[in-house]
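Hi everyone, thanks for coming. Today I'd like to walk you through one protein chain, step by step, so please have the picture open as we go.

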Amino acid sequence: MVQFRTADPMCLPAELLDFDIVVLHDVIDALASPNALLGRVGGVRGLVRKGGLLVLSSAYQWSEDRTPKGLWLGGYKAADGSVVSSQETLVHRLSEDFTLVRSEPLQQVWRESDCELRGSEHTPSVTFSASNA
């Protein structure tokens, strides 16, 4: 049986857990606290069951209008001038509960305004397997 569920990523009901696959598409950079969501995907009471998959895709368009800069998962330059990659930050952040299975670019188009569409051929999509959930 296939079952789909949707929920506010910042207010996930406690009964949502142990899914075979969880897809987070274009949401991580739109949250006030992305780490709060990431803390809920793995572990004993996580959304993803042990051996399940977490698929995360994002253009990583961080904005202080949505997320305080101190909570960004990459997408900025470090004090030494090096670029902090959002994808590498996510892989590191999730490494306690997940193993990276695949990383590939996806084509993505989004509405910028009523009259403008934007797109990217390099929107990263990463797939993780829940190893320690």
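I'll start with the overall fold, then go through the helices, the core, and a few pairs of side chains.

Please keep in mind that this is a predicted model. The protein chain has 2 helices and 6 strands. If you trace the chain along its sequence, the order is β-α-β-β-β-α-β-β. The chain has 133 residues, and 35% of them are buried. Its accessible surface is about 8,300 Å², with carbon and sulfur atoms supplying 51% of that.

How much of the contact between residues at least 6 apart in sequence joins residues at least 24 apart? The value is 66% of those contacts.

Now let's look at the helices. An α-helix has 3.6 residues a turn, so residues three or four places apart point the same way. Keep that in mind for helix H1, which covers residues 34–41. Which residues of H1 are buried? They are Pro34, Leu37, Leu38, Arg40 and Val41. These buried residues span an arc of only 160° around the axis, so they sit on the same side of H1. Just after H1 comes glycine 43, with a positive phi of about 85°.

Asparagine 35 is also part of helix H1. With a relative accessible area of 28%, asparagine 35 is partly exposed. Leaving out residues up to four places away in sequence, asparagine 35 touches Leu73 and Arg93. Asparagine 35 and leucine 90 are 55 residues apart in sequence, while their C-alpha atoms are 9.7 Å apart in space.

That takes us to the second helix, H2. Here Ser86, Gln87, Leu90 and Leu94 are buried. Their arc around the axis is only 100°, which places them on the same side of H2. Turn to the other side of H2, and you find Glu88 and His92 exposed.

Next, the core. In soluble globular proteins, nonpolar side chains tend to be buried together. In this model, the largest nonpolar core has 24 residues. Which members touch the most other members? Those are Leu24, Val41, Leu54, Leu56 and Phe98. Several elements give two or more residues to this core: strand S1 (19–25), H1, strand S2 (48–57), helix H2 (86–94) and strand S6 (116–130).

Let's zoom in on phenylalanine 98. If we skip residues up to four places away in sequence, phenylalanine 98 touches Val41, Gly42, Val48, Leu54, Phe128, Ser129, Ala130 and Ser131. You may recognise Val41 as one of the buried residues of H1.

Now for the aromatic rings. The count here is 1 aromatic pair. Its rings belong to tryptophan 62 and tryptophan 72, with centres 6.3 Å apart and planes at 25°; planes under 30 degrees apart count as stacked, so this pair is stacked. The two residues are 10 residues apart, and each lies in the loop between S2 and strand S3 (76–77). Are these tryptophans buried or exposed? Both tryptophan 62 and tryptophan 72 are buried.

Threonine 67 lies in that loop between S2 and S3 too. Its relative accessible area is 0%, so threonine 67 is buried. What does threonine 67 touch, not counting residues up to four places away in sequence? Its contacts are Asp29, Ala30, Leu31, Ala32, Pro34, Trp62 and Trp72. So the list includes both tryptophans of the stacked pair.

Finally, the charged side chains. How many salt bridges does a search of the whole structure find? It finds 2. One joins aspartate 20 and arginine 49, whose closest N and O atoms are 2.4 Å apart. Aspartate 20 is in strand S1 and arginine 49 is in strand S2, so this salt bridge ties together parts 29 residues apart in sequence. Aspartate 20 is partly exposed, at 47% relative accessible area, and arginine 49 is partly exposed as well, at 31%.

Arginine 102 and glutamate 104 also form a salt bridge, at 2.8 Å from N to O. Arginine 102 counts as exposed, with 52% relative accessibility; the cut-off for exposed is over 50%. Glutamate 104, at 30%, is partly exposed.

That's the tour, and I'm happy to go back to any part of the picture.

How values were computed:
Residues are numbered from 1 along each chain as its sequence is written. This is a predicted model: local features need pLDDT of at least 70, side-chain atom pairs count only at pLDDT 80 or more; totals for chains, interfaces and linings use all residues. Side-chain values use heavy atoms; hydrogens and water are left out. Helices (H or I, at least four residues) and strands (E, at least two) are DSSP runs, numbered from the N terminus. Buried means under 20% relative accessible area, exposed over 50%, partly exposed in between (1.4 Å probe, protein chains only). Contact means heavy atoms within 4.5 Å. Accessible areas come from the Shrake-Rupley method with a 1.4 Å probe; for residues, only the protein chains shown count as cover. The arc is that of the directions from the helix axis to the C-beta atoms. A nonpolar core is a set of buried Ala, Val, Leu, Ile, Met, Phe, Trp, Tyr and Cys residues joined through side-chain atoms within 4.5 Å. Rings of Phe, Tyr and Trp (its six-membered ring) pair if their centres lie within 6.5 Å; planes under 30 degrees apart count as stacked, over 60 as edge-to-face and the rest as tilted. A salt bridge is a side-chain nitrogen of Lys or Arg within 4 Å of a carboxyl oxygen of Asp or Glu.
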